[in-house]
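Please have the sequence and the model side by side, and follow the chain from one feature to the next as the paragraphs below take them up.

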Amino acid sequence: MFSSARVCYTLFITISTRKGGRGLNQTSRILEEVKKAVCGKDRVLVWVLTVLLARGHVLLEDIPGVGKTTMALAFSRALGLDYGRVQFTPDVLPSDITGYSIFDKESGTMRYQPGVILCNLFLADELNRATSRTQSALLEAMEEGQVTVDGVSHRIPEPFCVFATQNPTGASGTQLLPDSQMDRFTVRLSIGYPAPADEREILLSRQKGNPLLQVRQVVTREELLSMQQEAANVYVKPELADYIVSLVGKTRQDPMIARGASPRATLSLGAMAKSVAYVQGRDYVLPKDIQAVFVSTCAHRLLLSAEADAKGMRAEELLESILKSTPAPRI
């Protein structure tokens, strides 16, 4: 069985203890800085940093109060990113996100008032409490890095990443995110409750003030953009591209899966595998990089069949089975 948790913990140890190429050194510094504010969640931190390097977006599904906002703020501080946040409620309008045009009396023309999403790291807090119309305001931004208001497109500054949080399905005042939006998130993660020792550390750390104030910037936006480009340039052999396509293709053939992963999932899987290789100091992808990210990259994109639901099966279990039954190429 390929355990994503085990792989990510191994990655964290590798990043934290080894010194090598630029990617390894920089990621180590970033993670150590974020850990000042986020205790005991090394696996999630590695995932988030990997998504950032892959130019992706993160969906955090968890109960309130486990540190989702703190983690987003810590990353924005460590990376020197402009930060924007909206607490989504049913009365939030699309224009609150994308911006709007107002009449300028002096010039006699319409002037664009930028929305909060025109930043580097946007936290969409409790996204599944908003109406579908407001949720859809994120679609263009996440896919194309721009927003269109009154027929005029406005570019979002790079780098750009959406951290969206959602309360568990069935929580008060929530509704399911549309499939088109779920497919735009690179991974779906859960922070979970802290271990008792970590919760104790969280409590004691507050005696010295807000831990977020201790997080300092360790890379510039320009350096992060350069790291993203270096990760994108990581080499993928044609045999491994075939392996990725084969894995995604099997999600469309499994009788327990009513709707498999999309071509966007294929691209996300390739980008995440490159990012995993990069944070380990390699400029080439290995099969284990793909295996490490396959489940978390694809699970939230699947629609299970009625039979699978009746049997209580989970998307993660089906994806693990696909991994085990699909031979990896020898590199």
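In which loop is Pro 159 found? The residue belongs to the loop between strand 7 (152-155) and strand 8, and the peptide bond that leads into Pro 159 from Glu 158 is cis, with omega near -5°. A second backbone feature sits in another loop, the one between helix 3 and strand 1, where Arg 55 is found; phi of Arg 55 is near 60°, which is a positive value in a residue other than glycine.

Before going further, it helps to know how far the coordinates can be trusted, since this is a predicted model. The chain averages a pLDDT of 89, and 91% of the residues score at least 70. Confidence is lowest in helix 1 (residues 4-17), where the mean is 48, whereas helix 11 (residues 238-251) has the highest value, at 97.

The loops just described lead to a sheet. This is an open sheet of five strands, whose order is 2-5-8-1-9 and whose pairing is parallel. Its edges are formed by strand 2 (83-87) and strand 9 (187-189), each of which pairs on one side only. On average, and with direction ignored, neighbouring strands of this sheet are turned by 15° against each other. At one end of the order, strand 1 (residues 58-61) and strand 9 run parallel and are joined by three bridges, and within this pair Val 58 has Val 187 of strand 9 as its bridge partner.

Two helices can now be placed against the sheet. Helix 3 packs on it by touching strand 1, strand 8 (161-166) and strand 9, and the direction of helix 3 makes about 160° with that of strand 9. Helix 4 also packs on the sheet, where it touches strand 1, strand 2, strand 5 (121-125) and strand 8, and the direction of helix 4 makes about 175° with that of strand 5.

These two helices also meet each other. The axes of helix 3 (residues 42-53) and helix 4 (residues 68-79) come within 12 Å and cross at roughly 55°, and because of this angle helix 3 counts as oblique to helix 4. The crossing in which helix 3 passes helix 4 is right-handed. On the side of helix 3 the contact is made by Val 44, Leu 45, Val 48, Leu 49 and Leu 52, and on the side of helix 4 by Met 71, Phe 75 and Leu 79. Sorted by class, the residues of this contact comprise eight nonpolar, no polar and no charged ones.

A further pair of strands is joined in the antiparallel sense: strand 3 (residues 99-104) and strand 4 (residues 109-114) pair over six bridges. In this pair Ile 102 stands opposite Arg 111 of strand 4. The two strands form a hairpin with four residues between them, and in the turn Gly 108 has a positive phi of about 70°. In general, the strands of a sheet pair through backbone hydrogen bonds, and they may do so either parallel or antiparallel.

Towards the end of the chain, helix 11 offers two helix contacts to examine. With helix 12 (residues 263-279) helix 11 packs at an angle of about 135°, the axes being 10 Å apart, so helix 11 is oblique to helix 12. Helix 11 passes helix 12 in a right-handed crossing, and the contact involves Ile 244, Val 245 and Val 248 of helix 11 together with Thr 266, Leu 269 and Gly 270 of helix 12. By class, these residues divide into four nonpolar, two polar and no charged.

The other contact of helix 11 is with helix 13 (residues 287-298), where the packing angle is about 25° and the axes are 10 Å apart; helix 11 is therefore roughly parallel to helix 13. Here, too, helix 11 makes a right-handed crossing as it passes helix 13. Leu 240, Tyr 243, Ile 244, Leu 247, Val 248 and Thr 251 of helix 11 meet Pro 287, Ile 290, Gln 291 and Phe 294 of helix 13, and this contact has eight nonpolar, two polar and no charged residues. Ile 244 and Val 248 take part in the contact with helix 12 and also in the contact with helix 13.

Conventions: Residues numbered from 1 in each chain as written. Predicted model: local features only at pLDDT ≥ 70, side-chain atom pairs only at ≥ 80, totals over all residues. Heavy atoms only, no water. pLDDT = per-residue confidence, 0-100. Axes fitted to C-alpha atoms, helices over the stretch in contact; angles between N-to-C directions. Parallel < 35°, antiparallel > 145°, perpendicular 65-115°, else oblique. Left-handed = near helix turned anticlockwise from the far one by under 90°. Contact = heavy atoms within 4.5 Å. Nonpolar A, V, L, I, M, F, W, Y, C, P; charged D, E, K, R; others polar. Pairing = 2+ DSSP bridges.
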